[in-house]
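Thank you all for making time this morning. I would like to walk you slowly through one model, so please have the picture open while I talk.

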Amino acid sequence: MRTTSLYTFLFAALVCLAFSSRANGQGAYGYASIDIDPSTHIATGYASTELDYQTAAYYNAEVQAYIENEYGTVLASASTTGVQTATVVFSASNIIQCIIHRIRVYTILNAIIFDDCGYVDPFGFGYLPFDIWWDYGYWWNDRWLCRFESFIRIAEIIETVVDCVTANVTCEPSTLQVLPAGLTQAEKNSINNPAPAVPDTATFTCHAFDNLGQPVSNIAFSFTVNTNNVAHDGGHQNHTGARPPGAFNHANLRTDGSGQVSSVFTPDRFGGSSNIVITSNGTTIVNTPVFILVPGLEALQPAQANDAYVLTGSAEDGNNYHPNGHYAKPQANNGLRQIAATYQSTFFPAANFPNGVPQGDRLRFNDASLVFGGVFDITPNFRQGAAPSWQLRPHDEHHVGINCDLSDRNIPNNQVMVNGVLRNRWQVMEEIFCANGSTRTNREHCRHHWHLRFEFGQNGCHETEGCYEGAAGSSIPADGVAVAIPGVIQVEAYDKSDEDTGSFVPDDGNGPADGIYYNYPQVLWMPGNVNNSYVPTIGGQWMNYTVNIASAGTYTISANVGSPFSGNTFHIEQDGVNITGPIAIPNTGSFDAYQVVSINNISLAAGQHVLGLYLDGFLQATGNFDYLSINPYQVPPACHPSSAQLNACYRHGGDWDYDLCYCVY
Amino acid sequence: MLLRLLIDSGRNHSPAEWFHSLMAKSTRMKKIFLIFLLGTQVAAVACSSMRAQTVIQRQALERKLGDIKLSSNYQPRVRGYDPKTGSPITYDHKPRLEVVDAKARKYVLKWIGYDGQEKSAAFQRSDAVQVMVVASVSRTSRGGYLYTYEVKNLPSSGASLKRFIVQNVAADVTAENDGKLMPFSMSREIPFFNEGNWLSFADVSDEVQIDPGQSVVTHLTSSAPPGIVRCLASAETVVEGADEDVPDDLESLIAGFDEYPHGYTIGPVDSLKSLSVNKRVEYLLENLPVFRKAGWITEDAVGKYQELLKSGDLKASLQQAEEDLRAEQITREVYEIFQAMK
């Protein structure tokens, strides 16, 4: 512990000097100091105002003084008045080390000014410029004597104690490993069984004590957390923006009477490492990473020569956003390998297939969990905030190492001969899942895969239909309500469905590199704007929007779109009928540079209809769509240029634009 | 005398008139009638009791058919996370459960979805089936045992049978794929199945459906003699109908393995190959309560075997089993286990 550095600092507020010309050299002076005794933890403030002889003839002196901490909280105060001088000495207890304490003093002239009965303001304080803080106090009640009293605050004196006693401080974390946020209790139970248990939060507790080991109160600590970009942000490589690091429940705290303070760190849903920094009095006490992770995840072993599976979706497919996507709990990894082994022995017995399962028939395990667990955001951004229903995305559940997707593409849903008996292959696979620990298999055949869940509890096994469809041919508004027209359609809010009533993204026929094909549009945040989204599109993609058109008529349909390519077009359909023809997507120079393109005079029928945004072509990148805007078509005023106008236009190489009604060069 | 009174009183009367007439004759007559009535009741109960002791009554697999309920203090549903604090943003999704068909164990879970609209998911519990298992054993040409399980989906069942899971404790069990139910080994990673080995025979063909009232037969072979093993059966559960993820509340409503209809049957047990005589006697004695619980043995037979086995007379017990099988005092399962103790 260092001893107190006692500073007595004299500060004179030579306010009167500033007005000396008006005060004829009269003056008021102020003094202030603060002293902290480390043995008693008492701060003593001294403040004084002194007026010179002439000023004192007309004004009284007053001083108001305060001792404050670094946040401006007043810990003690005092004030007094005098004829020529005003002085206070006062103290505050529990004034402890390592923080900034100030004494703030106001030097005040306490004037008695006679007004109508004879103007007296010899030094012109009534004309103080506005950048000097001053005020008049209150009316005195001797009005009949034509007298009122005014306090004129003429100076502020601040003395700061910054180099005070430093207590010994230490900080300890309750843990340096925490679970990602957003896990269900059942998932936590699964993760922490067997031990060790990893908690949801990390509590950082700091202690302050003096050389005698006695607790010291009021020591300030600051708790901050930042994203620590290690291990590819917990598996999310090249994602947009910074991974949300989590937060402390208290950023600034002071030790209590027991010399202790605690702040709780709550992680975000993304796995990774966050850096914790705790400072006190400008000194860094703690600088450590905290790992946000699901413990015990292990990489699923890459397939050996005769294994009946292959890994897809991550590094093996050149995925740049989550190259380490096959981490799981050991039981889940065992389950996956057992599934592959059972699949092999059932469908491709060694007697008939001595070289193992043919390459094209091997199970395709796509995306388990990331190396740290946590949200497995398959899109190249860190999803933040509460998402409306249409933004809920797949892979949300791939966060604790008990899930994996398995492609159904090379396991046709038809009758196949298994051991001499005709079987439904998908049903056989589901029974293999059940026997090997996938307790709640989610059928997502509309996305060409199963979603396996290895809970290994006594959960039985059952299947859930993960592809939810509306009535045949129906289109369901994204949030249950048709978009009102005239109005704006957010392109990302396309109608719900999994198959062919809400949206569609075409496949090239060979399947995607990762073996699992998501045939619905992606929804991505606008760069740097998590409150706005867009949909990247390719040729052949379409999205439906259920709208409620207020009245039949002609409309202008506009689209806000960005594209670095020329030559792409889209069209709009109403209830399956092309109502616009091809509309050119402008080359805006970048997918992120948006431009509004419009088409006029489009007839729309009143009532509820389904409008479709169709990208012409097949599979080529077309553009990023932000919104569609549909408003009544404003018929341009009739344009009847004179022959002289036309001649002049053409003579100068122009072309008359009848919509704009002027010559365009 | 009673008979004469009854005959006399019954002449020329309708049954009702006869009864009133009889009762009206005298207090003495009433007393005689009550004594007669009491006597017939006692006799009936006694006969009934004797029947219970003399006829084997095989039991269906046990089910826990209590009401299923949602927890009253359900957790609010998470719909997103605060981007600054990471704290979950929750809402009250108001889950509720509706019974569609109690016998078929069909239910609908309803809740308020992410979009504020009511959602629902229909499901049928795996314990919807009522199943009886009849097992028998025969010797194969190679000296092993062929185990045959007839799995009866009883007419009172509420669903088709999806799978039958049976335990064994032997190293060389081979499941026969007879074209109906297909065999799969249950992973020992699943805690429920970490004792011994479990084979699941499942309906995985579009051609096969074991409806209530129908049976299916499966086979195992092993060199291990028959002993007591456990078995399960289940209906198929597919949760369907929602247009968003089903809330976690569903998990407490779906039957787990420990809630599947369950019971005992016989299956290969390696350890029975080399038991001493005393251990064989001990094994049989220990399992008499299982035989009784499964309805494989009459009460009389239990008493006889207890007596014989406690005296250590295994040979007499085996002879007794031969007789009792013919007399339908024990089922084939009990007989086979006794035979395995030779």
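I will begin with one chain as a whole, then go to a pair of helices, then to the contact between two chains, and finish at a single residue.

Please keep in mind throughout that what you see is a predicted model. Chain B contains seven helices and 15 strands, and of its 342 residues, 37% count as buried. If we take the contacts in chain B with a separation of 6 or more, 70% of them are between residues 24 or more positions apart.

Now let us turn to two helices of chain B, namely α4, which covers residues 277-294, and α5, which covers residues 299-310. How do their axes cross? They come within 10 Å of each other and cross at roughly 165 degrees. Because angles over 145 degrees count as roughly antiparallel, α4(B) is roughly antiparallel to α5(B). The crossing in which α4(B) passes α5(B) is left-handed. On the α4(B) side, the residues that meet the other helix are B:Val281, B:Leu284, B:Leu285, B:Leu288 and B:Arg292, and across from them α5(B) offers B:Val302, B:Tyr305, B:Gln306 and B:Leu309. Sorted by class, this contact has seven nonpolar residues, one polar residue and one charged residue.

Next comes the place where the two chains touch, a contact that takes 47 residues from chain A and 49 residues from chain B. On the side of chain A, at least two residues each are supplied by α6 (330-347), β23 (421-424), α7 (425-435) and β26 (462-465). By class, that side of chain A has 15 nonpolar, 24 polar and eight charged residues. Strand pairing also links the chains, since two bridges join β26(A) to β14 of chain B, residues 238-239, and these strands run parallel. If you look at A:Glu463, you will find it opposite B:Val238 in β14(B).

Finally, I would like to stop at one residue, A:Pro215, which is found in the loop between β10 (202-209) and β11 (220-228) of chain A. Why does A:Pro215 count as partly exposed? The reason is that it has 16 C-beta neighbours inside 10 Å, whereas a buried residue would need 20 or more and an exposed one 12 or fewer. Apart from neighbours within four places in sequence, A:Pro215 is in contact with A:Ala208, A:Phe209, A:Ser258 and A:Gly259. Its C-alpha atom is also separated by 9.4 Å from that of A:Asn168, a residue 47 residues apart from it along the chain.

Methods. Residues are numbered from 1 along each chain as its sequence is written. Chains are lettered from A and ligands numbered from 1 in the order in which they are written. This is a predicted model: local features need pLDDT of at least 70, side-chain atom pairs count only at pLDDT 80 or more; totals for chains, interfaces and linings use all residues. Axes are lines fitted to C-alpha atoms, for helices over the stretch in contact, and angles run from 0 to 180 degrees between N-to-C directions. Helices (H or I, at least four residues) and strands (E, at least two) are DSSP runs, numbered from the N terminus. Angles under 35 degrees count as roughly parallel, over 145 as roughly antiparallel, 65 to 115 as roughly perpendicular and the rest as oblique. A crossing is left-handed if the near helix is turned anticlockwise from the far one by less than a right angle, and right-handed if clockwise. Two residues are in contact if their C-beta atoms, placed from the backbone, lie within 7 Å. Ala, Val, Leu, Ile, Met, Phe, Trp, Tyr, Cys and Pro count as nonpolar, Asp, Glu, Lys and Arg as charged, and the others, Gly among them, as polar. Two strands pair if DSSP finds at least two bridges between them.
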